[in-house]
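Thanks, everyone, for making the time this morning. I would like to walk through a few local features of one structure, taking the enclosed spaces and then the aromatic rings.

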Amino acid sequence: MKININLLLLALILGASNFIIAQDVDKDNELIPTFPVGLRIGAHNDFFSNTSENDILGLKFTDRVTLIGGFDVEVLRKKRWIITTGFFIKNIGHRYEYTLTPELINISRSVSRNLTQSPYWTYHLPIEALYRINKNSKLPFFIKTGLEIQHYGYTKGRYENPILSVNNEVILSNNYEEHQSPFTFGINAGVAGDIYLKDYSKFRLALTGHYHFQKMDINRITSTNVNGFPDATSTHRWTGNYVNLSLTYFPREGFLDFLK
């Protein structure tokens, strides 16, 4: 079942709000400091939307799960607040699938495809505020929100190309368009928790939902030479919305002292 990104973000915010009400927060309980830079890994789920003006095409782009890598930086720590920034990269390939029956294209068997397009590299700069909602300094729990700037290697303009030909006749063609800007933006909301180790280094586990302000790209698929359904169309958007589960390791404070 496809996840609705707006409902997920709302659930994260409401769940965290209920938790705040139930907690007795100790305002004087300082966070345990660590080295401010941590290494991040994670799993990233990107959402695609599909609109079939005519279901005969049976074509859809599928949501993708990819790995990410990067780092987080705690630029400010104040009792219940942490301000963070960072950087991570992602490599994603668009995957789509379709099936056409013999009656539609005058051949003896059905044509099914499950294809992955060339990968895209995206580069992410999140800027977030984390608010601690419990009083356990060794197991702090946070709600977080912020802005994320994204860059990816886009190709200016738009173009059309065939994606299926039979007997030298184009059956499906794609009119492709990218968002024409090197930088796009969105908002983040989520929850996070820190787990301190014996040496006072820590792991941060975070669940983040992201809503993107711009659609990253649009694929408009049109059929030709399809019996009874000329010019059937479907539209497929890379929304830029995602859900991310990440793990960041922050070394203990002063772990570079041996370099002095």
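The residues that line the second largest cavity divide into three nonpolar, three polar and four charged, and I should say at once that what you are looking at is a predicted model. That second largest cavity has a volume of about 30 Å³, and its lining is made up of Arg-40, Phe-88, Pro-126, Glu-128, Lys-144, Glu-148, Asn-188, Thr-208, Tyr-242 and Asn-244. The elements that give two or more residues to this lining are E5, strand E6, which spans 141–152, and E12.

The structure holds two cavities of 30 Å³ or more, and the largest has a volume of about 100 Å³. Of the 13 residues that line the largest cavity, the closest to its centre are Arg-40, Asp-72, Thr-84, Glu-128 and Arg-204. Two or more lining residues come from each of strand E4 (81–100), E5, strand E10 (202–212) and strand E12 (233–250), and the largest share, three residues, is supplied by E5. By residue class, the lining of the largest cavity divides into four nonpolar, four polar and five charged.

Let me stay with Glu-128, which is among the residues closest to the centre of the largest cavity and is also in the lining of the second largest cavity. Glu-128 has its place in strand E5, residues 111–132, and because its relative accessible area is 6%, under the 20% cut-off, Glu-128 counts as buried. What does the side chain of Glu-128 make a polar contact with? The partner is the side chain of Lys-144, at 2.9 Å. Leaving aside residues up to four places away in sequence, Glu-128 touches Ile-82, Ile-83, Thr-84, Lys-144, Thr-145, Gly-146, Asn-188 and Thr-208.

A second buried position is Ile-171, with a relative accessible area of 2%, and Ile-171 lies in strand E8, residues 169–178. Ile-171 and Thr-222 are 51 residues apart in sequence, while their C-alpha atoms are 8.4 Å apart in space. With residues up to four places away in sequence again not counted, the residues that Ile-171 touches include Leu-100, Ile-105, Leu-164 and Val-166, and also Thr-222, Ser-223, Thr-224, Asn-225 and Val-226.

Now to the rings. A pair of aromatic rings is described by the distance of the centres and the angle of the planes. With ring centres within 6.5 Å as the criterion, the count comes to 12 aromatic pairs. The rings of Phe-48 and Phe-61 have their centres 6.2 Å apart and their planes at 25 degrees, so this pair is stacked. The pair links distant parts of the chain, with Phe-48 in strand E1 (residues 37–52) and Phe-61 in strand E2 (residues 60–61), 13 residues apart. Phe-48 is buried at 2% relative accessible area, and Phe-61, at 3% relative accessibility, counts as buried too.

Tyr-120 and Tyr-152, by contrast, form a tilted pair, 6.4 Å centre to centre with 50 degrees between the planes. This pair also links distant parts of the chain, Tyr-120 being in strand E5 and Tyr-152 in strand E6, 32 residues apart. Tyr-120 counts as buried at 12% relative accessibility, as does Tyr-152 at 1%.

Which residues form one aromatic cluster? They are Phe-48, Phe-61, Tyr-96, Tyr-120, Tyr-152 and Trp-238.

Terms used: Residues are numbered from 1 along each chain as its sequence is written. This is a predicted model: local features need pLDDT of at least 70, side-chain atom pairs count only at pLDDT 80 or more; totals for chains, interfaces and linings use all residues. Side-chain values use heavy atoms; hydrogens and water are left out. Helices (H or I, at least four residues) and strands (E, at least two) are DSSP runs, numbered from the N terminus. Buried means under 20% relative accessible area, exposed over 50%, partly exposed in between (1.4 Å probe, protein chains only). A polar contact is a pair of N or O atoms within 3.5 Å; within protein, one must be able to donate a hydrogen and the other to accept it, and residues adjacent in sequence count only if both atoms are side-chain atoms. Contact means heavy atoms within 4.5 Å. On a 1 Å grid over the protein atoms alone, a cavity is a set of points where a 1.4 Å probe fits but cannot get out, and a pocket is an open set with protein on both sides within 12 Å along at least five of seven lines; lining residues have an atom within 4 Å of a point. Grid points are joined across faces, edges and corners, and a volume is the space filled by probe spheres set on the points. Ala, Val, Leu, Ile, Met, Phe, Trp, Tyr, Cys and Pro count as nonpolar, Asp, Glu, Lys and Arg as charged, and the others, Gly among them, as polar. Rings of Phe, Tyr and Trp (its six-membered ring) pair if their centres lie within 6.5 Å; planes under 30 degrees apart count as stacked, over 60 as edge-to-face and the rest as tilted.
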